[in-house]
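Student: I have a structure open and want to go through how its chains fit together. Can you help?
Tutor: Yes, put it up and ask away.

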Amino acid sequence: MHSPPGATLPGAAMPIYEAIRDLPIVSPHGHCDPDWWAHDRAFPNPAALLIQPDHYVFRILYSQGVPLADLGIGPNGKDRDPREVFRLFARHWPLFLGTPSRIWLEHTFRQTLGIATPLGPDTADVIYDQIADLLTTPAFRPRALFDRFGISALATTDPATSDLADHAAIAASGWSGRIVPTFRPDDLLNPARQGHGAALDALADMTHRDVRDFADFLDALRNRRAAFRAAGATATDHDVPTLATAWLDRGQIETLHAGAVAGTLSAGDANAYYGHMLTEMAQMSAEDGLVMQIHAGSRRNTNRQLFDSVGPDMGADMPGPTDWVGGMGPLLNRVGNDPQLRIVLFTLDEGSYARELAPMAGHWPSLRIGPPWWFHDSPNGIRRYFDSVVETAGYHNLAGFNDDTRAFLSIPARHDLWRRGVALHLADQTDRGTLNTAETADIARLLAHDLAVDTYRLEAG
Amino acid sequence: MHSPPGATLPGAAMPIYEAIRDLPIVSPHGHCDPDWWAHDRAFPNPAALLIQPDHYVFRILYSQGVPLADLGIGPNGKDRDPREVFRLFARHWPLFLGTPSRIWLEHTFRQTLGIATPLGPDTADVIYDQIADLLTTPAFRPRALFDRFGISALATTDPATSDLADHAAIAASGWSGRIVPTFRPDDLLNPARQGHGAALDALADMTHRDVRDFADFLDALRNRRAAFRAAGATATDHDVPTLATAWLDRGQIETLHAGAVAGTLSAGDANAYYGHMLTEMAQMSAEDGLVMQIHAGSRRNTNRQLFDSVGPDMGADMPGPTDWVGGMGPLLNRVGNDPQLRIVLFTLDEGSYARELAPMAGHWPSLRIGPPWWFHDSPNGIRRYFDSVVETAGYHNLAGFNDDTRAFLSIPARHDLWRRGVALHLADQTDRGTLNTAETADIARLLAHDLAVDTYRLEAG
Amino acid sequence: MHSPPGATLPGAAMPIYEAIRDLPIVSPHGHCDPDWWAHDRAFPNPAALLIQPDHYVFRILYSQGVPLADLGIGPNGKDRDPREVFRLFARHWPLFLGTPSRIWLEHTFRQTLGIATPLGPDTADVIYDQIADLLTTPAFRPRALFDRFGISALATTDPATSDLADHAAIAASGWSGRIVPTFRPDDLLNPARQGHGAALDALADMTHRDVRDFADFLDALRNRRAAFRAAGATATDHDVPTLATAWLDRGQIETLHAGAVAGTLSAGDANAYYGHMLTEMAQMSAEDGLVMQIHAGSRRNTNRQLFDSVGPDMGADMPGPTDWVGGMGPLLNRVGNDPQLRIVLFTLDEGSYARELAPMAGHWPSLRIGPPWWFHDSPNGIRRYFDSVVETAGYHNLAGFNDDTRAFLSIPARHDLWRRGVALHLADQTDRGTLNTAETADIARLLAHDLAVDTYRLEAG
C-alpha cells in the first residue's frame, strides 16, 4: 500500500488494483483554488507549488527546528529565494521516510513530473530547474493537468458569501472540466470564528436581507444555498471543533441570534447557537438536497505564537476526541430518519470508528461515513478504517474517497494510494474466504469511484 | 476467520481449529427465549425466524432506507406477508457483504438448513419455501436443534421477577438439554428504567416483603437470587449505561431508596443509587457464588422517533466510552480482592481493552474480561481483542466465549467464527515462536470451551 | 517478535535484526537501584532477584488468587522461604503464556543465566539452585553483568533531594560503567503526593534556601538541577497523574505556593500548582539543557486495601485517558517553539498516539514521542506504536527505546524484543515497497541506538 508508483502489490491485491487504477478520479471534497482553472495561469515555481502551501510538508521541517521564515513562509519569509527553499527541503528529505507525504511527493516527482533522479542535497538544483522548466509549458497549466489526471469532477470549498466568480468564469470558458463549489457557511454560523461579523455583513449585502432578524437570516442562507446549487454545488461542508448539535425553541434561538449578531455570546452560548444552526442546515439539506459534510474534532491554531506571527493553517491544528452519538443526537432526532437527507461524517478520533460511527451509519438512513481524514489518509490509516468500520456498517454506508487537499499535484497520488489500500483490504477478504472474486471486483469499483458519485449526487453533469 | 463454512484456514491455524471445531458449545450468556424449549413448538416462518427478531439484520436495511414496516416490524408492519419480507431481504443481501451477519446467515443457510442455492432476488421464493418446509419437520424443532448443535449448556437472561415457569417446564419435561436462567435485576435496581415501579411491585408480590424498606428490599433480592440458583442459575447480568459504582453509607442509601421507590430521584441520584446497588449485588455474589456480569456503555434507544413508534431494540442502541477504572473503583475496593467473587466485564469501548480492562483483570482476583460484545463479535473484533488483552492479562483472566444472541440459529455459526479466530490468533503466536504446538493446543481448548465452563461455574450439571 | 532467544524472524526482518542485535544498549530511563553498582554486592536469591521486586510478575499470580504474602511480599510475607516463593511461581508459570513477562524471563533464564531446563513444578528446585549458585559468582555481580550486557549508558531515577551518594561512589570507584542519575522532583512539585512536606524540608536543608518563598524555592530547584547535571544527569522525569499544565501569574502562583507549603490546597488547586510547576521545569530545561520526560496518565494505587496493608507498586496502578493537546497547551505555548528544549512524552492511552501525540510531535520543535510504556512495551504494543505514530510524526520525532525497568536482568531481553519489533516493522515497509534496504538499515540503527543517544543528549561521556 506504501508502494511506490508502478510497484506491484502482493497476491490477489494486484488484479483488484489494476481493474480500478485507471478509473476516473472523483474529488468531491477538497481545497483547491478555483482561480487556477478560471485563469489557467502557470504555477509560479517549485517551492510555491509543492512546499509553501502544504502544511503537511513544512510542519515536518518545523518540527525538527527549521524556522518557517527559512521556508519562505510568513512575513519574515516573504523575500526568500524559492530555490533556497527547495534546497532546504531537499536536505531534510529523509525526515519524510515513513510518511504519506513522501509517497505522494515521490508519485508527483516520478509520475506527474517525470523526474527519475532521487531527491537529495546534491540533486536539489537540477530537480528544481527541471520542475521550473516544466511549469512554463502548456502541459503543466492547471486545466491541462486536470484533464491529464482524468478527473471527472472536483469540488472546491467556498465561503457561503463567495460570489463564485471563478466558477462562473470556468463555466463561461468553454473548457469541459467539471469544477463545482461547496457551500461552507462556518463564518456565518459559528460566532467563535474571527470572521463572523464580517461574514454577516457580507451576507446582508449580497442577499439584501436584514440578517439581524432570525427569519431573514435563515432566508438569506437559503438564498445562498440556491446560488451555490445554481453554480453546480451538490454539498455543504461544516468544520465543527466541538460537536454538540442542538434544537432550541424559537424564543431561545432568536435570543442567541441577537447575541451572535452583537458579538456578545459566551463560549458556551456560541457553541449552542452553532449546534442549533447545524440542525437548521440539516433541515435545509433535507429540502434542497445538498449533501451535508461534518468535519468534527479539529482544535485549530493551538500554537498561539505561530498563529499571531504567521497565521492559520501552519500545522498546529490538532485532533481531539469527539462524542459522535451525543453530539449528533439532537440533529438526528430532528431529521435523521429521512432517507432523502444525506450527511457524511468525518472523524479525527479513530476510536470512534468502531464504537460510534459504524453503528450510527449502520442504523440511521441519512448517514454515511467519510473516508480517513487528514493524518489518517495514509496506508495504515486506510487499513485501520476498513478494519474498524466495514464489519458494522457494511460497504454501502461508506462515502468512497475524498482527497481533501489544497495540493493539486498530489491528487492522483492520493487516489492511487486509496485504490491500493482498497485492493489490499479486499485481497485480505478473499484470502480469508469472505468475499469471492466477483464480489471484490464490485466492491473495489464502489470504493474507488461509484460510492463517491452516489454519495455526493454527482451523477448528473 | 471470515471463512465460509468448510473453508480451510491458512497454515498452522487449520490443525488448531480442527482440534476444537467439534467441542461442545457452552453458551453462558444470551437472550434466547426459554419458551422455545419449554413447549418445543415449530418456529413460525423464515422471516419470523431469521429477520424480524434480529436487529443486527434489519438495521442494515433500515440504514439504506427500507422502512421497518416493510419488514413486518412495528405496529404498521404487523400484517406484512412474511414471504414479501423475505423477498425484500433477499433483494438487499449485497448490503451485508463484509459483515459478520452475512457470515452467520450463510453458515445457517448452508450448515443448519442445508441450502446450497445462493440467496438473491431470483432465489428468494424457492429458499423461502425450502426453509418453511423444514420448519414443519421434527428435526427443526427447538429441542432437536439444541441437541444437534451440540450445546452442553445454554443460559437465558431473565428478569429478576420472572417466575421461571419455562425453566420449570423444561426441567419437568424429561428432556436432557441444560437450559439455565440468568438473574437480571436491572428493572429493580436502576430507577431510570421505565419498568422500575412495576418491577418493585412484582417483587413485593412474589417475595411478600415490604420493598419500601431497604433491608427488606435487600432480603427480597436475596430471595430471588436463591430462587434463580435453585432453577440452575450460575450468574447475574447487569446492563449499565453509565458505569459509576458507589458505596454509600446506610443513611444515604436509605434516603435514595425512598426516592427510588417514590420515583422522585434526579438522574444523578438515580445513577448513584444504581451504582450502590451494583456493589450490593457484588457482595451478594461473593456470598452466594453467582457470577456477576457487567455489560457497560450502551446508550439505549438513541432514535426517539423509532422508540416511540416501534419500541426498544430497533438497532438504535449506540456504544459509548466507559471509564472502567474509575467506574469500578468503589465496588472493587469493597469486594474486589475476594478470590471467591467472580465478575466478568464486557466493553463496547475497545480503547479500554489495553488501557484499562487488561491491567485490571491482570491485577484484581475477582475480574475476568468478557469476550468481544455485540458489534465487536466479528472477525476483526476478535482479532483486536486478542491483540489488546492477552499480553497484559494473559489467557487465564479471560472468560472464554459468549454468543449473546437472541438468534438461536446463529449460535453454531458464532461459536465457529470464534473458534476460527482463536486458531488464527494462536497460529500467529506459533509463527512468531512465542507458543509451541502443545501450548497452543491447550490454550485453544481453554478459549473454545474450558474457560467458559470455569468462569461461569458450569462444571456441575 | 515474540520469538524466543535465538529464534529466527521471518523474511526480510532477520537481516535487519541481525545488523542491530549487538549494538550497545542505551538505557536512558529506568528504575534500577544505583546502590547495586556503587557497592557491587551479590544479589541475594532468585526470588528477591526475579519475582519480589517485579510487579509485572507477581500481579499475574495475585490476579489468579495467590496471596502476596505467599510470595514473600508485604509485612505478612517477610519470613517466607525464597525457595517456597520460587516453587509457587514455577507452579503458576503457564499463567504467563502470551505475556511479555514470559518472553523476558525466558530470555533471562536461557541467555543470561544459561538454564536450558524448562521451568515447571518439577524443575523449580533444580533451577532455583542453579540460579542461587550463579549469584555467588563474580560474573553475576552487578558491575560484571552491566559490562557483559553491553550497556553504554544507564540512567537511574532519583528524587530531587537525593544526595547522589551512590552515583558519587560509582564515579569514585574507577569502574568504567556509565550510570547517570535522572532528576525527579515529583515530591517537591506535586502537593498531592504523600512525601511533599518532607521533601520540601529536605530541599531546604540541602540548599539552605527558605523554600517557603517562591523565588527561593525556584532557586533551590535550580540548585538541585545543577547538582544532578554535575553528577552526569541529562534528563528530568515527571509522573503526572492528570495532565493539565498551566501558566499562572506571579501573584496566583505565590498564593498557591503558600498553600502548598502549608498543605492546605484543594485537589483542584494542587493540580493547578503542579501544572504551573511543570511549565517552570520546562523553562529551566530550556535553560540548562536537561531533557524533560513526562509520563502521564497513571492512576496510582487504585487498590486501597493493598496500598494500606502492603504499600505502593503492587500492580494496582491503572492507566487512564490523557488529553495531550489540552494538557500540554499552556506549557507548549510558553516554551514549545524553542528547538533547544527537548520534551519526551509517554502515554498509556494508545488512542492518543495517532490522534494527538503524532500530530504534536510532527509540529512542535521541542517534542519527541517516547517508546511504548509499561504494559505497551510488548510485541503487539510495539507494533501498534509504529503503526500509529510513524506516518504522522516520521521517525526523527521519536525518542528511540527505554526499558523503564527495575528488573535489571530483564534489560537485555527488553532491548532485544524492541529490536525484533523494529526489524518486523521495517520488513513490512520493505515488503510494501515504501523503504529500500539502505533506508531500513539506517532507520533500524536510529531506532535501536542513535535516537536514544541523540534524544537524551548522551553523546558525550
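**How the chains meet**

Tutor: Only 3% of the interface residues of chain A are also interface residues in chain B, so the copies meet through different surfaces. Keep in mind that this is a predicted model.

Student: What turn puts chain A on chain B?
Tutor: A rotation of 120 degrees superposes them, with 0.0 Å of shift along its axis and an RMSD of 0.0 Å. In chain A, Gly351(A) has the C-alpha nearest the axis, at 3.8 Å from it.

Student: And what about laying chain C on chain A?
Tutor: That takes a turn of 120 degrees and a shift of 0.0 Å along the axis, and the RMSD is 0.0 Å. The two copies are thus related as by a three-fold rotation axis. The C-alpha of chain C nearest that axis belongs to Gly351(C), 3.7 Å away from it.

Student: New topic. How many residues of chain C are in contact with chain A?
Tutor: 32 residues of chain C, and they contact 35 residues of chain A.

Student: Which helix of chain C gives the most to that side?
Tutor: Helix 17 of chain C, with eight residues. Helix 16 (324–335), helix 17 (351–361), helix 18 (379–393) and helix 20 (437–455) of chain C each supply at least two residues there.

Student: What is that side of chain C made of, by class?
Tutor: The side of chain C that touches chain A has 13 nonpolar, 13 polar and six charged residues.

Student: Do chains C and A use the same or different surfaces to meet?
Tutor: Different surfaces, because only 3% of the interface residues of chain C are also interface residues in chain A.

Definitions and conventions
Residues numbered from 1 in each chain as written. Chains lettered and ligands numbered in written order. Predicted model: local features only at pLDDT ≥ 70, side-chain atom pairs only at ≥ 80, totals over all residues. Least-squares fit on C-alpha atoms with pLDDT ≥ 70 in both. Contact = placed C-beta atoms within 7 Å. Helix = DSSP H or I, 4+ residues; strand = E, 2+ residues; numbered from the N terminus. Nonpolar A, V, L, I, M, F, W, Y, C, P; charged D, E, K, R; others polar.
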